[in-house]
Amino acid sequence: MVRVDLKGIHRVTAKVADGSLKEYHYAWRGGPRFWDSDSPFEKNTPEYLDALAGKASLPKPESELTPTIVDAYLDSAAVTTKAPRTQDDYRKWVLRFAEAFKDDPIAMFTEPESRGEVVAWCSNWNHSPRQHDEAVGAATRFLNWAVKSGQLLQHHCHKLAKYYEVDRSEIVWTAAHQEALGEIAPEWVRRLLGAACETGLRVGDLIKLNRNSIETTPKGRRLRVRTNKRKRLAHIPVTPQMAEIIDSTPDERFLILVNASGGALTPHRASEGLRQWRDKAKLSPDDIGYDLRLQDTRGTAATRLLNSGLSLAEIANHMGWSVRYAANVIEHYARVSPDETDAVLVKLAQHRRGAP
């Protein structure tokens, strides 16, 4: 009789139609079944071990293992159509997932018990709620894709618990913040912050602004931008402050915003450069009690766009917010910024009455 490893057996107990419990044994998780409760021989008998040996000797097909399906996912449009930074994030986390389940066939995720194993994997990052939630998102996205692409019939990892909660709607760059940074920062940082506060664009879209983005309108100019995240066209009025940034761009320069050497900015360099000069301007979390980031210019921009004539619905669509959230952000900005007048609140009230 062939010696076999009983530790690798995958055992499943399920309720059948008559309400009774039936037991199934597989040579490995996702592998072939070699015994069940209706078999003519009992567990752990010589016949049982012979049946196991016959199935356990079969090779595990690599085409059905989780890492192989992960490779297919990474090559799919679900990943390759995303922005480069998003692709990097997806790849990092799903490869960690593949490593954790490298010996398991993709079919294991059709079993209810797999939910507990995915939860246990995500718990490796319980010390960091944000990383924990990134792990949750990576697992769910991958398994959803596996179902849609026909690799799985179903999975049991929907609505996994998330722990990271953040509300940055009350964190905004006021005129006082901009002035403090402007007094010491180099020109390229001042222009970066100014453009962010006037347009509300995410950093990946902001650094791509160029002369071809500018369109003339009957009443002035606007920026025409296809956003990276939502792949939608945004039409943003050129405010007087943004006009100064555009008009002061050297004629020979194509990009509106550049780094200290006049070259193209990367998202990391833009965010990191602003953070460094923010800290030098005494606007660090230790100085003011909260963490001002480049993304927090969006509340400032929403107020500017309201003053420029955009409706709440247009602002919400551009920012990717709900109309209610856009109104709340603008109201908060107007109340915490001494440079804003009551006219902003009056205009906001008018738009709220007209909002659907």
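Trainee: Over how many bridges do strand E1 (residues 10-15) and strand E2 (residues 21-26) pair?

Mentor: Good place to start, and keep in mind that this is a predicted model. Strand E1 and strand E2 pair in the antiparallel sense. Within that pairing, Ala14 has Lys22 of E2 as its bridge partner, and Lys15 stands opposite Leu21 in E2. The count of bridges between E1 and E2 is six.

Trainee: Which residue takes a positive phi in the hairpin of E1 and E2?

Mentor: Look at the link between the two strands. The hairpin of E1 and E2 has five residues between the strands. One of the hairpin's residues has a positive phi near 90°, and that residue is Gly19.

Trainee: Which strands are the edge strands of the sheet?

Mentor: Let's build up the sheet strand by strand. E2 also pairs with strand E3 (residues 33-36), in the antiparallel sense and over three bridges, with Arg33 in E3 as the bridge partner of Tyr26. The open sheet therefore has the order E1-E2-E3, given that two strands pair if DSSP finds at least two bridges between them. Edge strands pair on one side only, and here they are E1 and E3.

Trainee: Which helix packs on the sheet?

Mentor: Neighbouring strands of the sheet are turned by 25° against each other on average, direction ignored. The helix on this sheet touches E1, E2 and E3, and its direction makes about 155° with that of E3. The helix covers residues 46-56 and is H1.

Trainee: Is His132 buried or exposed?

Mentor: Start with the setting: His132 is found in helix H6 (residues 129-148). Not counting residues up to four places away in sequence, His132 touches Cys122, Ser123, Trp125, Asn126, Ala161 and Tyr163. The relative accessibility of His132 is 4%, so this residue counts as buried.

Trainee: Which helix gives the largest share of the largest nonpolar core?

Mentor: The largest nonpolar core has 51 residues, and those with the most contacts inside it are Leu181, Met242 and Ile315. The largest share of this core is seven residues, and they come from helix H8 (residues 187-199).

Trainee: How many residues are in the other core, the one that lies apart?

Mentor: Among the residues of that other core are Trp93, Val118, Leu143 and Ala146. It lies apart from the largest core, and its number of residues is 29.

Trainee: How are H14 and H15 arranged: roughly parallel or roughly perpendicular?

Mentor: Two packed helices are described by the angle between their axes and the distance between the axes. For helix H14 (residues 312-319) and helix H15 (residues 323-336), the axes come within 8 Å and cross at roughly 100°. Angles of 65 to 115 degrees count as roughly perpendicular, which makes H14 and H15 roughly perpendicular.

Trainee: How many nonpolar residues does the contact of H14 with H15 have?

Mentor: From H14 come Leu312, Ala313, Ile315 and Ala316, while H15 brings Val323, Ala326, Ala327 and Ile330. No polar and no charged residues are in this contact. The number of nonpolar residues is eight.

Trainee: How many charged residues are there in the contact of H13 with H15?

Mentor: Helix H13 (residues 298-307) packs with H15 at an angle of about 95°, their axes 9 Å apart, so these two are roughly perpendicular to each other. H13 makes the contact with Gly299, Thr300, Ala302, Thr303, Arg304 and Leu306, and H15 with Val329, Ile330 and Tyr333. By class, five are nonpolar and three are polar, and the number of charged residues is one.

Methods:
Residues are numbered from 1 along each chain as its sequence is written. This is a predicted model: local features need pLDDT of at least 70, side-chain atom pairs count only at pLDDT 80 or more; totals for chains, interfaces and linings use all residues. Side-chain values use heavy atoms; hydrogens and water are left out. Helices (H or I, at least four residues) and strands (E, at least two) are DSSP runs, numbered from the N terminus. Buried means under 20% relative accessible area, exposed over 50%, partly exposed in between (1.4 Å probe, protein chains only). Contact means heavy atoms within 4.5 Å. A nonpolar core is a set of buried Ala, Val, Leu, Ile, Met, Phe, Trp, Tyr and Cys residues joined through side-chain atoms within 4.5 Å. Axes are lines fitted to C-alpha atoms, for helices over the stretch in contact, and angles run from 0 to 180 degrees between N-to-C directions. Angles under 35 degrees count as roughly parallel, over 145 as roughly antiparallel, 65 to 115 as roughly perpendicular and the rest as oblique. Ala, Val, Leu, Ile, Met, Phe, Trp, Tyr, Cys and Pro count as nonpolar, Asp, Glu, Lys and Arg as charged, and the others, Gly among them, as polar.
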